[in-house]
Amino acid sequence: MKYKRILLKLSGEALMGNRQYGIDPVRLAEYARDIKEIKELGIEVAIVIGGGNIFRGVAGASNGMDRVQGDHMGMLATVINGLALQSALEDADVQSRLQTAIHIEEVAEPFIRRRALRHLEKGRVVIFGGGTGNPYFTTDSAAVLRAIEIKADVILKGTRVDGIYNADPEKDSKATKFDHISFDDVLRKGLKVMDTTAFTLSQENELPIIVFDMNKKGNLLKVVSGENIGTKVNL
């Protein structure tokens, strides 16, 4: 395998499957099977999930809600998604731990870096919920931060498109996909990979990002095996 330890970033919207809202148990089970497949090959897996399928703080703020309150609601939404994924992993006979940046000790462990590392070393999947624990930071920022803290080899950003394009492929049939691109080129071309804070943090710590289609069966295994799918962003 090309990577020993990965941080998988999943959007909350990905959990909706074909639904308009909430969590699709079929999609969740598919993700659990894909994660199990790579874990059985000895890869250490950490996961950060967004909460946009339940609540998004920015959207709440645009409708007049206090931004801090909205972001706290979004953090709780990521914990709900983390619990759902943990349940799906356990149904697939995969040991996992959910750690959160906000204290909800009745349902999840608090985030403690050394404990997270120990879980990974023991072969458990670690799910990080609650974002960074701070308002005004996205789960993209949380994913990069946690990846740096656990010394992950790469961030795998699972999306519904098969990489980074020079335009929206769902709107422009002539959009061109990049197989590889540098951090500097992403910034120069104004491409949206992650929010600026997350992207800059990844660049400064020389942590590569691979954007790929998580909804295609087998893609996660192909990525960690080193196959050239999706788009790799590095120096």
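Here are legends for three close-up views of this predicted model. Residues are numbered from 1 along each chain as its sequence is written. Local features need pLDDT of at least 70 and side-chain atom pairs pLDDT 80 or more, while totals for linings use all residues; side-chain values use heavy atoms, without hydrogens or water.

**View 1. The lining of the largest pocket.** Fifty residues would be a lot to name, so start at the centre: Ser11, Glu13, Arg56, Asp140 and Lys157 lie nearest to it among the 50 lining residues. A pocket is an open set of points on a 1 Å grid where a 1.4 Å probe fits, with protein on both sides within 12 Å along at least five of seven lines, and lining residues have an atom within 4 Å of a point. The helix α3 (67-91) gives the most to this lining, with five residues; helices are DSSP runs of H or I of at least four residues, and strands are E runs of at least two.

**View 2. The largest nonpolar core.** This core has 34 residues, and Ile6, Leu8, Ile35, Ile47 and Leu156 have the most contacts inside it. Such a core joins buried nonpolar residues (under 20% relative accessible area) through side-chain atoms within 4.5 Å. Leu156 touches, among others, Ile6, Leu8, Ile210 and Phe212, where touching means heavy atoms within 4.5 Å.

**View 3. Arg160 in its loop.** Look between β6 and β7 to find Arg160. Arg160 is exposed, at 62% relative accessible area, where exposed means over 50% (1.4 Å probe, protein chains only). A polar contact of 3.4 Å joins its side chain to that of Glu170; this term means a donor and acceptor pair of N or O atoms within 3.5 Å.

Notes:
Lists of a residue's contacts leave out its neighbours within four places in sequence.
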